[in-house]
Amino acid sequence: MRLQVTLALLFGASTALGDSRATAFVSAYSDDDDLTVVSPELSLKQEVSDRVDVEAAYEADIISAASVDVMTAASPRGYSEVRHGLAAGAIWKPEREITFALKYLPSWETDYRSHGLSLRTAYEWLERRLEERLDVRVSFDRVGRAGEPESEWHDLDIVALGPSLSYVLDRWTVASLAYEVQAQRGFQQSAYRFVPVRWSGTTTVSVPEEHPRWRVRHALALGVRHALSRSWFLSGGYRHYRDSWGVTSHTADAGIQHAMNHERVIVGFDARGYYQGEASFYAERYAATPGTLPTYRSRDKMLSESWSLLAGLRGEVGLGPVGFAEDVRVAVRSDVYDQHFLSFEPLEGRRAFIFQLGASAEY
Amino acid sequence: MTRAALLLVLCLLGGCAPVHAWQRSTLASRCMSPDSRPSESRARSHMLGAREGSSGASGEVGGGCGCK
């Protein structure tokens with residue numbers, strides 16, 4: 001039996017357990033809006049038979065912030081918090097061409113609880129040239145304010161359906177097409193943010209944010225991967241997004257990778273450009289007749305008009321046999337993320353640096 | 001019917017010439033698989049999902065990360 005174990009080096013730590021696969025990974029994000037997020041992840045995968053694998057994972061977001069969102073909240077002060085997430089699931093392959101994967105995904109933090117369930121089915125046909133997938137996800141979440149009793153929190157339910165296709169065009173090229181529709185119902189504003197509304201020339205009131213309870217989101221993505229040779233690879237894609245709140249977005253990405261020495265060393269560069277329009281009810285400034293309020297109002301910069309660029313370099317090295325491992329791989333990635341808000345007065349933009357580190361080993 | 005139409009489109013795009021197993025060594029490269037680095041992809045999707053207003057419909061379940 002061939003075992004695969006993936007290790008990650010998190011500050012030098014690594015894990016490998018008998019007949020199992022272990023993955024660990026760390027990502028660090030830091031921007032000039034005083035936000036830092038460190039996200040470690042550890043997962044285990046166990047082959048229990050030729051057709052069944054089980055897996056479990058833990059992840060966290062360790063957040064330290066004094067960002068503009070915090071400063072525009074009712075009680076502005078910096079904060080630190082930790083989001084924890086678990087995943088437990090099974091993968092069943094009743095036939096060579098058919099896969100079912102079921103996962104339970106709970107996560108929690110001081111002001112948010114989530115219970116998610118995802119089911120993926122995949123079927124390969126045309127001599128495995130075409131793969132069809134269908135992803136179904138549901139999530140039952142609770143949203144509130146830190147320190148409030150959970151009985152006062154609000155519900156947020158999410159259902160998503162995502163069919164996709166991947167097709168081998170020729171011996172050098174694979175194309176993919178994916179669509180996803182997602183419906184969200186419930187509390188979708190921030191429990192902390194307040195919106196200034198001008199009532200007359202000199203009177204401004206600050207009121208809680210209010211978003212529609214329903215949001216239906218559609219995304220359609222096209223992708224292509226092409227081998228220029230046995231060592232040079234190109235990738236590219238485009239994604240169009242539209243939702244019932246009036247947000248539309250366009251995302252384009254492209255990348256190039258170079259594999260050397262039978263893929264012992266892989267280096268790559270990729271870039272992504274993103275533009276989104278603002279939500280139909282979003283305004284940079286709100287005004288209303290004294291004594292009234294706009295039905296929906298938002299101070300969420302994610303609903304404003306914005307664009308961003310993300311570009312990064314990555315490298316991966318196969319170290320060969322190390323200790324009891326047949327092959328160890330080490331990967332590192334570094335990105336710059338530049339985001340600009342065109343209709344959000346408190347913040348024009350932010351620049352972030354992202355660093356990721358991991359390693360893998362096969363047994 | 002749907003599958004027949006889909007097949008026709010795919011044939012028009014890429015031709016129906018078979019790609020035999022022995023011709024797929026390049027396609028099997030790590031560089032050709034979108035799923036070869038799931039942790040990296042998931043972390044990236046999670047980061048963007050917390051910062052952009054349209055990233056919710058990209059395969060991420062749950063959330064609530066306050067890092068916006």
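In the predicted model, A:Gly78 counts as exposed, because 12 C-beta neighbours lie inside 10 Å of this residue and the class extends to residues with 12 or fewer. A:Gly78 belongs to the loop that runs between α1 (68–71) and β5 (79–95) of chain A. Between A:Gly78 and A:Ala122 the separation is 44 residues in sequence, and the C-alpha atoms of the two residues are 45 Å apart in space.

The strand that follows this loop, β5(A), runs antiparallel to β4(A), the two being joined by 14 bridges. Within this pairing, A:Ser64 has A:Ser80 of β5(A) as its bridge partner. β4(A) is also joined to β3(A), again in the antiparallel sense, through eleven bridges, and the connection between β3(A) and β4(A) is a hairpin of four residues. One of the bridge pairs places A:Val37 with A:Ile63 in β4(A).

A:Val37 also appears in the largest nonpolar core, which comprises 17 residues and in which A:Phe25, A:Tyr29, A:Val37, A:Tyr337, A:Ala352, A:Ile354 and B:Met47 touch the most other members. Two or more residues of this core are supplied by each of β2 (20–31), β3 (35–47), β4 (52–65) and β20 (349–362) of chain A, and likewise by α2 (38–49) of chain B, with β2(A) giving the largest share, five residues. A second core, separate from this one, holds nine residues, among them A:Val168, A:Ala259, A:Ile266 and B:Met32. Both chains are thus represented in the largest core and in the second core.

The contact between the two chains involves 64 residues from chain A and 33 residues from chain B. On the side of chain A that touches chain B, the largest share comes from strand β9 (residues 154–170) of chain A, which contributes six residues. When this side of chain A is divided by class, 27 residues are nonpolar, 18 are polar and 19 are charged.

Elsewhere in chain A, an open sheet of three strands is found in the order β12-β11-β17, with mixed pairing. Each of β12 (204–208) and β17 (286–287) has a single partner strand and stands at an edge, so that one side of each is left without a neighbour in the sheet. Strand β11 (residues 194–198) of chain A pairs with β17(A) in the parallel sense over two bridges, and A:Val197 is placed opposite A:Tyr286 of β17(A).

Considered as a whole, chain A contains one helix and 20 strands. The radius of gyration of chain A is 23 Å, which agrees with the value near 21 Å that would apply to a compact globule of 363 residues, and the C-alpha atoms fill a box of roughly 75 × 40 × 40 Å along the principal axes. Of the 363 residues in chain A, 31% are buried. Among the contacts in chain A with a separation of 6 or more, 53% are between residues 24 or more positions apart.

The confidence of the prediction for chain A averages a pLDDT of 88, and 91% of the residues score at least 70. Over residues 1–18 of chain A, however, pLDDT stays under 50, and for this segment the model has 48 contacts beyond four places in sequence.

Conventions. Residues are numbered from 1 along each chain as its sequence is written. Chains are lettered from A and ligands numbered from 1 in the order in which they are written. This is a predicted model: local features need pLDDT of at least 70, side-chain atom pairs count only at pLDDT 80 or more; totals for chains, interfaces and linings use all residues. The radius of gyration is taken over C-alpha atoms; the globule rule is 2.2 Å times the number of residues to the power 0.38. A residue is buried if 20 or more other C-beta atoms lie within 10 Å of its own, exposed if 12 or fewer, and partly exposed in between; C-beta atoms are placed from the backbone. Two residues are in contact if their C-beta atoms, placed from the backbone, lie within 7 Å. A nonpolar core is a set of buried Ala, Val, Leu, Ile, Met, Phe, Trp, Tyr and Cys residues joined through C-beta atoms within 7 Å. Ala, Val, Leu, Ile, Met, Phe, Trp, Tyr, Cys and Pro count as nonpolar, Asp, Glu, Lys and Arg as charged, and the others, Gly among them, as polar. pLDDT is the predictor's confidence in each residue, from 0 to 100. Two strands pair if DSSP finds at least two bridges between them.
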